[in-house]
Amino acid sequence: MLPKVFLSLSGVDDNFVDEVHAQLPQGLAYFYRKSFSTGENLITAMEERLKETSIFVLFASSASLKSKWVGFEIDRARIAHITRPEFRCIVVPVGNDVAHKDLPPWMQEFWTGSAGNTPRDVARYIQGILSEHAEHTVSALRPFGRGAVIDKAQRDIQLSLFEKKVAPNVLLFAGNGGIGRRTVSRSLMKAAFPAQPSLVFGPELVLPQFADILDLYRATRRELERNFSADKFLEDEAVFLGLSQEAQIAEIVGSFRHFSQLGQAITVVTENGLFEDKGYLKSWVYQLFQALSARQDMMLICVTNRLLHEKERAEHDNVLQFRVDELPTPEIKAIIIASTAMHGATPQLPNDGIIQAIGGHPSVARATARLLAQKGAGIVNNNPKDVFDIQDRTLSVTLGFENLTDIQKETLSILSWVQRLNGGMLEDVIRDRHSVSEEEFAEILGDLIVSCLIQVSGSDYLISPPIRSVFRRKFGYGAPELRRSFAGRLKAEWDKSQAIGQFSFELFDTFVHMTALEGGTLPPEFGKLLSPATLQEVVKEGYDNRHIDEAGLDRAISWGLPAKDIPMDETVREEILSYVLRAQIRKNDVSGAKETLEYMKKRSYRSQFYLEALIIRLTGGDLEVALKLLRSAKTAKKYMNSVIADTAICMKSLGRWAELSKLIDAETKRVYSNASLLDIKIGMSIAKGRFSEAEADIAVLRAMPYEDGRADARQAAILLNRDKDHDAAYKLLTTLLSRQSKGAASVRKLRAVVSARVGSAKAARDDVEFFKSKPEWHDFHHRIEAEIKLKVRDFDGAEMSRKAIKNKNARDELLEAKIMESRAVDISTPLRDREGLLNKAAIIRRNLSSVDEFDL
């Protein structure tokens, strides 16, 4: 159980404390206005709530120290302090009318002068104490296996201070998401700077992946201001954007002063938002680091997914960076044991293969523990052992609906729609729908937190990054009525904030994401508030979710096209327009895609080569030209995973099997992280008769995101090639399609072929019609017609249909061989022609021995 806090106050300080309470994690703080029922015996209720809490916070003022109710609570807190060693007291002065000496003697040591003067400051401090207490009392939440990293970091800090005579005040922690970078940063601050205990209570500014200086300015202002007005901010923003970069940095550093006066560090969390496309610091970040070198009273913590180039780091004496690696196996086991116990289960471990495949990720280990607690080690141990992406596999299984309560499903659904959400709004929506108490809701959230399914950031909740895409992919957007309920609550909150003249960027970002999700457009008056980084997130989500949301591509185009005219960093603009172009081509808007490409060429974007090759490939153009462009794209080093995958697809279509085989062998790591590449490898294994290898890879392919039925199609191909069982393959493919309402193009194409071969011409033609709006329909239509005619021994008709195919590939040559073979064994074929037909067919098959004829 997560620790809870009791807020003790006088009614005079009610408004201040109400603001503090609103910014604390929902359900973890007892506040009389919201945590006590009408008609409840107040004294009994106070005693019960205090027994359930681990932290007592007294908001000290002259009024509270005179209150008999507060006095009663102080007396009960003293008893708890004496009888419960883990019980903690905090005294937060409110106003200037109370001093340290006014407190009861036993409480004076708990006076907290560094918590800050604003509700946000105080809430942040209390939440920090809650986190510390949770780490000490909940074994599953303790940092594991980071002692060596902390020791090395402390040595680096001491060595830097000795050699450079400058204390490092910019610390960068790099690693993969979910690996524990923030945990390491907090632990290091406590260990390396014991004389500055308040460092860990500073703000955590979560910036978008493509953050710019404006995003940092907004995030800082959001932390500083109590009543944020959109109109006033827009005026300030216009002035800020008109400043020189040096003046902008000075303004941000000046804002940091508020936190440095409280002895707090500022933490910036972003993926690669500090870096240019080629991995060097953005100019404003470089200048910020330089400016901070003269401010030894300030400390900046950066949590990113990459390290600085060493040459660039050496230019900043005040910057140190640390790589946060995966945890070793013993620590992963310790996390799983502690976490299963947290879920009320007997500690147990999966087999060593699964432990190793977890990859040293603490968040994945905790998610695995949750599954172990619910279903036992056997479920996990039965996963295929050749797993290259166990994080996705484990989380996919853990998120099975059967493992979650209805409220947990809805909580994760809501959080998957937006980047982050205020806890109060989340609680209101869930409690309105399910009539649960505040305490019950807190327990539900607590379980999701300790399972590493959601994270807490200030008063907001967000779904853990490794979970978001898995949840979306498996479960879509949840029930329509839930979206309507949430949209109604969001509109009410938005109208309320507008009416009182307050503005919340958290609420605005939520409004933006939901507006896009619902297919709407942003009102013109809010356009200036939309940051380029947020726009990039909206466009990317629309494109990435095209597999589960038919309107996703339209959303990517309609929201992304205005990026041509909005002032923004060119790196962000290129990223947005690349999604727009890919969405346009997948919507068959060839002219629109080419227009976007020309715009990008004029700006010399490095992605132009890959995107032009993509247009050629998807519109049936010259694949030799596409390959030439892809070679240039490889040199440009932009979207490399997609470049390699498209190169393989073009080689396959052109029948360059020797080159393709070398590419697959050289790109093993990419093969097992890209569904298209792995699908090609499996097809080559099937063609060569390596069925066991193919089946092992099919298990990996099946767990990959958006594999679009490829794994099932390959399983059917094994039935066709190894077992020669067309009827079993037809039944399998038909069953699979009956379970899916969209997608599974590979399954449908293969069923069309199998239908033709088992004599079901109507079913085959029905499947062909499914692709009528697609560019490949013409050729696929003639391929299936050739199969249908071949089944009824109309060899001339089959050959005519085969010749009508415009963009022939290796499979069409195999189709020619099959027609020859069928003609050769037909009694009506002259005896003198039969051997020649069989010889010609044998030559084709020998030359295409790496090709599976059912590879569509």
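**Note on the predicted model**

1. Helix 24 (505-517) and helix 25 (532-544) each contribute at least two residues to the lining of the largest cavity. The model that shows this is a predicted one, and the points below should be read with that in mind.

2. The space in this largest cavity comes to about 70 Å³, and eleven residues line it, of which His513, Ala516, Leu517, Glu541 and Arg555 are the closest to its centre. Sorted by kind, the lining of the largest cavity holds five nonpolar, three polar and three charged residues. When the whole structure is searched, three cavities of 30 Å³ or more are found.

3. Leu517, one of the residues closest to the centre of the largest cavity, also leads to Arg483, a residue of helix 23 (residues 480-499). If neighbours within four places in sequence are left aside, Arg483 is in contact with Trp417, Tyr477, Leu517 and Glu518. Arg483 and Glu518 stand 35 residues apart in sequence, while their C-alpha atoms are 9.0 Å apart in space.

4. Is Arg483 buried, partly exposed or exposed? Its relative accessible area is 21%, and Arg483 therefore counts as partly exposed, since the buried class takes in values under 20%.

5. A second residue worth following is Asn721, which is found in helix 36 (residues 710-721). With a relative accessible area of 16%, Asn721 is buried, because that value falls under the 20% cut-off. Apart from its neighbours within four places in sequence, Asn721 is in contact with Ile686, Phe691, Asp852 and Phe854.

6. On the cysteines, the student may like to look at two examples: Cys89 is buried, with a relative accessible area of 4%, and Cys302 is likewise counted as buried, at 2% relative accessibility. The count of disulfides in the model, taken by the distance between cysteine sulfur atoms, comes to zero.

7. For the protein as a whole, there are 43 helices and twelve strands, and 55% of the 856 residues count as buried. The protein exposes about 36,300 Å², and carbon and sulfur atoms supply 50% of that area.

8. Finally, how much of the contact network joins residues 24 or more positions apart? Among the contacts in the protein with a separation of 6 or more, such pairs account for 69%.

Methods: Residues are numbered from 1 along each chain as its sequence is written. This is a predicted model: local features need pLDDT of at least 70, side-chain atom pairs count only at pLDDT 80 or more; totals for chains, interfaces and linings use all residues. Side-chain values use heavy atoms; hydrogens and water are left out. On a 1 Å grid over the protein atoms alone, a cavity is a set of points where a 1.4 Å probe fits but cannot get out, and a pocket is an open set with protein on both sides within 12 Å along at least five of seven lines; lining residues have an atom within 4 Å of a point. Grid points are joined across faces, edges and corners, and a volume is the space filled by probe spheres set on the points. Helices (H or I, at least four residues) and strands (E, at least two) are DSSP runs, numbered from the N terminus. Ala, Val, Leu, Ile, Met, Phe, Trp, Tyr, Cys and Pro count as nonpolar, Asp, Glu, Lys and Arg as charged, and the others, Gly among them, as polar. Buried means under 20% relative accessible area, exposed over 50%, partly exposed in between (1.4 Å probe, protein chains only). Contact means heavy atoms within 4.5 Å. Accessible areas come from the Shrake-Rupley method with a 1.4 Å probe; for residues, only the protein chains shown count as cover. A disulfide is a pair of cysteine sulfur atoms within 2.5 Å.
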